[in-house]
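Here's a quick walk through one model, starting with the space inside and moving on to the strands and helices. Have a look at the structure first.

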Amino acid sequence: MSSASRFKMRIYSPRWEHRDLYHFKKTRGGWEFENYRCKGEVDKGGNPLFYKALASDSISYPDHLEVYISSTWEKVDTLNKVQVQNIFDELSEWISASENNLH
């Protein structure tokens, strides 16, 4: 599959009471990350910008999220776009559920 594909996450923000959109595009060493607030290169696990974006909107996330995002990076070239997007959708739901359980 083409690693040029962009993947999205929609994560519930209790601060704004709606789902924010986050984009990931695989690069050679990690991801190109973008949301409404910032854009730039992050490592395979999403550091540092993805977690800074979550923190800036007071979004809590599950432990080991970085491991799952890194694992997804490893799979991008072996799965099709729909399969990878499904992983990001599941991660989005996991983060949103984790956030909702804390409030």
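A cavity here is a set of points, on a 1 Å grid over the protein atoms alone, where a 1.4 Å probe fits but cannot get out. Its volume is the space filled by probe spheres set on the points, which are joined across faces, edges and corners. This is a predicted model: local features need pLDDT of at least 70, side-chain atom pairs count only at pLDDT 80 or more, and totals for chains, interfaces and linings use all residues. Residues are numbered from 1 along each chain as its sequence is written, and side-chain values use heavy atoms, with hydrogens and water left out.

Searching the whole structure turns up 1 cavity of 30 Å³ or more. The largest cavity holds about 40 Å³ of space. Its lining (residues with an atom within 4 Å of a point) is made up of Arg6, His23, Phe24, Lys25, Glu32, Phe33 and Glu34.

Now for the sheet. Its 4 strands (DSSP runs of E, at least two residues, numbered from the N terminus) form an open, antiparallel sheet ordered β1-β2-β3-β4. Strands pair if DSSP finds at least two bridges between them, and β1 and β2 are joined by 8.

Two helices (DSSP runs of H or I, at least four residues) pack on this sheet, with contact meaning heavy atoms within 4.5 Å. Angles run from 0 to 180 degrees between N-to-C directions, with axes fitted to C-alpha atoms, for helices over the stretch in contact.

| Helix | Strands touched | Angle |
|---|---|---|
| α1 (residues 49–56) | β1, β2, β3 and β4 | about 115 degrees with β4 |
| α2 (residues 65–75) | β2, β3 and β4 | about 115 degrees with β3 |

Definitions and conventions: 1 Å grid on protein atoms, 1.4 Å probe; cavity = no way out; pocket = protein on both sides within 12 Å on 5 of 7 lines; lining within 4 Å.
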